[in-house]
Amino acid sequence: MEDSGAMEKKKEHRKRKSGVKAEKKKNKGKPKGDEMAERQKNPKAFAINSAQRAERKFRRKEDLTAKKQHIPLVDQTPEEPPPFLIAVVGPPKVGKSTLIRNLIKSFTKTNVTEIKGPITIVTSKKRRITLIECNNDVNCMIDIAKCADLVLLMCDASFGFEMEVFEFLNICQVHGMPKIMGVLTHLDVIRNAKTLKKRKKELKHRFWTEVYNGAKLFYLSGLLHGEYLRNEIKNLGRFISVMKLRPLSWRGAHSYILADRMEDITSRSS
């Protein structure tokens with residue numbers, strides 16, 4: 001026998017028509033009664049005290065609105081755009097190769113044992129990315145700063161920002177400043193939770209000072225079986241695959257080409 005309760009029609013939600021909640025909803029966005037009465041009683045109290053201060057306040061508001069607006073740029077990308085170049089930069093022994101291997105595994109489910117030069121992978125229907133590791137030398141840093149669309153700037157959290165990081169940031173500033181995201185590794189070395197929280201905060205603010213306020217910073221907690229945690233890599237990968245990158249005016253004025261390798265095919269006899 002079927003349950004008679006299940007057959008009954010579900011009771012509809014009835015909105016409150018009286019009571020505290022109903023009154024709150026009714027008066028939402030309206031000035032409170034007492035405030036309205038005060039305003040009517042004494043309009044001078046609510047008038048502008050200082051025209052200078054009011055002008056400054058208005059100007060600041062307009063400045064903030066203008067800051068949010070971007071100058072429309074002509075999109076010159078072809079129908080099939082080239083892959084986004086993502087450079088992994090950082091001092092030695094910070095985990096650059098491990099990060100590249102993990103990102104490739106996250107996107108393609110393939111294990112790469114040895115990394116030789118740039119690796120291009122498909123991340124979505126319309127996007128390809130090229131992952132390239134930057135060597136710890138100035139010439140390589142200059143070349144990378146000229147052509148990278150996104151830079152993953154890696155830092156050993158247990159040690160802090162090293163000289164190479166600041167050198168690279170200076171080079172980037174001269175070459176049109178590509179989009180930079182920080183990645184903190186070796187967080188598992190700091191055992192104390194309070195110290196770890198403090199360290200994260202310090203490094204975040206130092207990174208913001210160097211790049212810009214609100215720059216994205218990823219934390220990789222530690223290694224598990226020689227790999228970073230799957231969820232953290234997935235989160236980073238998702239962020240990369242949906243990222244929108246504005247064309248840089250500096251790049252538009254300075255043409256460049258990224259060559260994987262160069263071969264001289266001139267015959268020896270000539």
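Student: Which side chain has a polar atom that lies 2.9 Å from the backbone oxygen of Ile171?

Tutor: In this predicted model, local features need pLDDT of at least 70 and side-chain atom pairs count only at pLDDT 80 or more, while totals for chains, interfaces and linings use all residues. Residues are numbered from 1 along each chain as its sequence is written, and side-chain values use heavy atoms, with hydrogens and water left out. The side chain you ask about belongs to His175, which has a polar atom 2.9 Å from the backbone oxygen of Ile171.

Student: Is His175 buried or exposed, and what is it in contact with beyond its neighbours within four places in sequence?

Tutor: Buried means under 20% relative accessible area, exposed over 50%, and partly exposed in between (1.4 Å probe, protein chains only). His175 has a relative accessibility of 12% and so counts as buried. Contact means heavy atoms within 4.5 Å; with those neighbours left aside, His175 is in contact with Ile142, Ala145, Lys146 and Trp250.

Student: How should I read the sign of phi, and which residue in the loop between α7 and β5 has a positive phi?

Tutor: Most residues other than glycine have a negative phi. Met177, which is found in that loop, has a positive phi of about 50 degrees although it is not a glycine, and with a relative accessible area of 25% Met177 is partly exposed. Phi is also positive, near 55 degrees, in His186, a residue of the loop between β5 and α8 (193–210). Helices (H or I, at least four residues) and strands (E, at least two) are DSSP runs, numbered from the N terminus.

How values were computed
A polar contact is a pair of N or O atoms within 3.5 Å; within protein, one must be able to donate a hydrogen and the other to accept it, and residues adjacent in sequence count only if both atoms are side-chain atoms.
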